[in-house]
Amino acid sequence: MTNCMKNKDLLKEKSIIMWNEDKIEAFQKTLLDWYDANKRDLPWRRTSNPYYIWISEIMLQQTQVDTVIPYYERFINTLPEINDLAEASEDTLLKLWEGLGYYSRVRNMKVAAGQIMADHNGIFPEDYEAIKSLKGIGPYTAGAVSSIAFNQPQPAVDGNVMRVLSRLFEIELDIGKPSSRKVFEEMIRLLIDRERPGDFNQALMDLGATICTPKNYKPETSPVKDFNASYLNETWERYPIKQGKKKVREEAYIALAVSNDKGEYLFQKRGSEGVLSGMWTFLMIPADILDEDGWKSFGGSAESLTQVQSEILVDYIKKEYGLIIAFNNSLKGTYTHIFSHLKWHLSIYEAKVVAETVTGHSLHPIHPDDFSDIAFPVPTQKVWNMVNAITLF
DNA sequence: AAAGCGTGGCA
DNA sequence: TTGCCAAGCTT
């Protein structure tokens, strides 16, 4: 009862009028009937194993269903039990995750698997708070797993749900703000079907993914259009409210594929902080060492560096890595990689190792025959493809 | 609270 | 082409 009052106070504060019980019940039936007839047949909907549901939810974070499916299948086949995940090496995990992005997700999963082994006797916990305390599991994923795998009436508010509710109730909140999520959660606590909470949550997400979409939205085609205030009031084009994103930062590098006389290429492991942390790349030389204008001075159409730039580069490699190289001053290609918050402009060149200083360096030689054992982020794969295409292996 | 964190699809 | 979008979490 106390929680119920809190719910209504929060909604009242935001000028949100909740439906009466009859309307809520009618909505639940309409939504679930639609879901029963139209739900997508997805691999993780054929299991009630919380471990597998968890894997799917982590993979689906900010990632499209079609992308996830093959990764999901391979992951559960390779690591069928929580214990397998807890004991897997980071290399194994990253290889299973290669190309999915947001690599901290799988590192966190290994930590969480260790928590489950240590704190829950290897059994996936059922309690919402216990689930949420697992590394990498936030309010959405905790709600999704507890409702889908354990039939608990917990909200699972993701972008879909916020968009659907914004349109149904003409919500004026910016769905990009962290504080807004709590309001939507309180709405779901009042709306959720107590008999089928997991299906209710998934039905809202399916509705958002297939009908109540961000673009090309046709409200008249929705199974719950009669409940949709923004449709009935012809205000639906205003919702959901979301602030625009800021422009991304741009950086330029020389991506240098350095090979030695054994046919190995030299890779560097990125640091534990920042983008692509702990992932392998070719040498990445900040373009601004070459001149004050950085990549703009050569990133366009230039096929080679100037003599001066070339010497600066060779000196930099010697100083930074203790490596004497023969630089092949012929542009192999350019590639622009767009992250969520950052853009890399890569100019790709090759070089051969002539000599190494005795102090060694932070670079790791890897033969192309062994590339299949190592997880490379997409920018590294793109650079390799360009080097590989030109040299005709 | 806001920024950081990958990648691919789409108009 | 550029920008936005997709089943978020951590710091």
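**View 1. P240 and its cis peptide bond.** P240 sits in the loop that links helix 13 to strand 1 (249–259). Everything shown here and in the views that follow comes from a predicted model. Look at the bond leading into this proline: the peptide bond from Y239 to P240 is cis, and its omega is near 0°.

**View 2. The surroundings of DNA strand B.** How many residues surround DNA strand B? There are 22 residues around DNA strand B, and the closest are Y103, K246, G274, L276 and H341. Of the atoms of DNA strand B that come within 4 Å of the protein, 64% belong to sugar and phosphate. Sorted by class, the surface near DNA strand B is made of eleven nonpolar, nine polar and two charged residues.

**View 3. Polar atoms meeting DNA strand B.** Start with H341, where an N or O atom of the side chain is 2.3 Å from a phosphate oxygen of DNA strand B. Y103 also reaches a phosphate oxygen of DNA strand B, with a side-chain N or O atom at 2.6 Å. Q62 uses its backbone: one of its backbone N or O atoms lies 3.0 Å from a base nitrogen of DNA strand B. Strand 5 (323–338) and helix 15 (378–391) are the elements that give two or more residues to the surface near DNA strand B.

**View 4. The surroundings of DNA strand C.** Now turn to DNA strand C, which has 25 residues around it. The closest of these are Q62, G136, D158, N160 and P214. Sugar and phosphate make up 66% of the atoms of DNA strand C that come within 4 Å of the protein. The surface near DNA strand C has nine nonpolar, eight polar and eight charged residues.

**View 5. Polar atoms meeting DNA strand C.** Which part of DNA strand C lies 3.0 Å from an N or O atom in the side chain of R40? It is a base nitrogen of DNA strand C. A polar backbone atom of Q62 is 2.6 Å from a phosphate oxygen of DNA strand C. K135 joins in with its side chain, where an N or O atom is 3.5 Å from a phosphate oxygen of DNA strand C. Two or more residues of the surface near DNA strand C come from each of helix 3 (50–60), helix 9 (139–148) and helix 10.

**View 6. Q62 in its loop.** You have met Q62 beside DNA strand B and beside DNA strand C. Find Q62 in the loop between helix 3 and helix 4 (65–78). Its phi is positive, about 55°, although Q62 is not a glycine. Is Q62 buried or exposed? With a relative accessible area of 72%, Q62 is exposed; that value counts the protein chains only.

**View 7. L276 in its loop.** L276, one of the closest residues to DNA strand B, lies in the loop between strand 2 and strand 3. L276 is not a glycine, yet its phi is positive, near 50°. L276 counts as buried because its relative accessibility is 12%, and the limit for buried is under 20%.

**View 8. Helix 10 and what covers it.** Why is helix 10 (residues 159–169) described as largely enclosed by the rest of the structure? Ten of its eleven residues are buried, so the helix is largely enclosed. Among the buried residues are N160, R163, L165 and F169. Their cover includes helix 2 (21–38), helix 11 (178–191), helix 12 (197–210) and helix 13 (229–232). At the start of helix 10, a side-chain oxygen of D158 comes within 3.2 Å of the backbone nitrogen of N160. Just after the helix, E170 has a positive phi of about 50°.

**View 9. D206 and its neighbours.** D206 is part of helix 12. D206 is buried, with a relative accessible area of 1%. Its side chain makes a polar contact with the side chain of R40 at 2.7 Å. Leaving aside residues up to four places away in sequence, D206 touches W34, Y35, K39, R40, R45 and I211.

**View 10. Strand 2 and its two partners.** Strand 2 (residues 265–269) is mostly covered, with four of its five residues buried. Strand 2 pairs with strand 7 (residues 363–366) in the antiparallel sense over four bridges; there, Y265 has I366 as its bridge partner. Strand 2 also runs antiparallel to strand 3 (residues 280–281), joined by two bridges. Here the bridge partner of K269 is W280.

Key. Residues are numbered from 1 along each chain as its sequence is written. Chains are lettered from A and ligands numbered from 1 in the order in which they are written. This is a predicted model: local features need pLDDT of at least 70, side-chain atom pairs count only at pLDDT 80 or more; totals for chains, interfaces and linings use all residues. Side-chain values use heavy atoms; hydrogens and water are left out. A residue is near a molecule or strand if one of its heavy atoms lies within 4 Å of it. A polar contact is a pair of N or O atoms within 3.5 Å; within protein, one must be able to donate a hydrogen and the other to accept it, and residues adjacent in sequence count only if both atoms are side-chain atoms. Ala, Val, Leu, Ile, Met, Phe, Trp, Tyr, Cys and Pro count as nonpolar, Asp, Glu, Lys and Arg as charged, and the others, Gly among them, as polar. Buried means under 20% relative accessible area, exposed over 50%, partly exposed in between (1.4 Å probe, protein chains only). Contact means heavy atoms within 4.5 Å. Two strands pair if DSSP finds at least two bridges between them.
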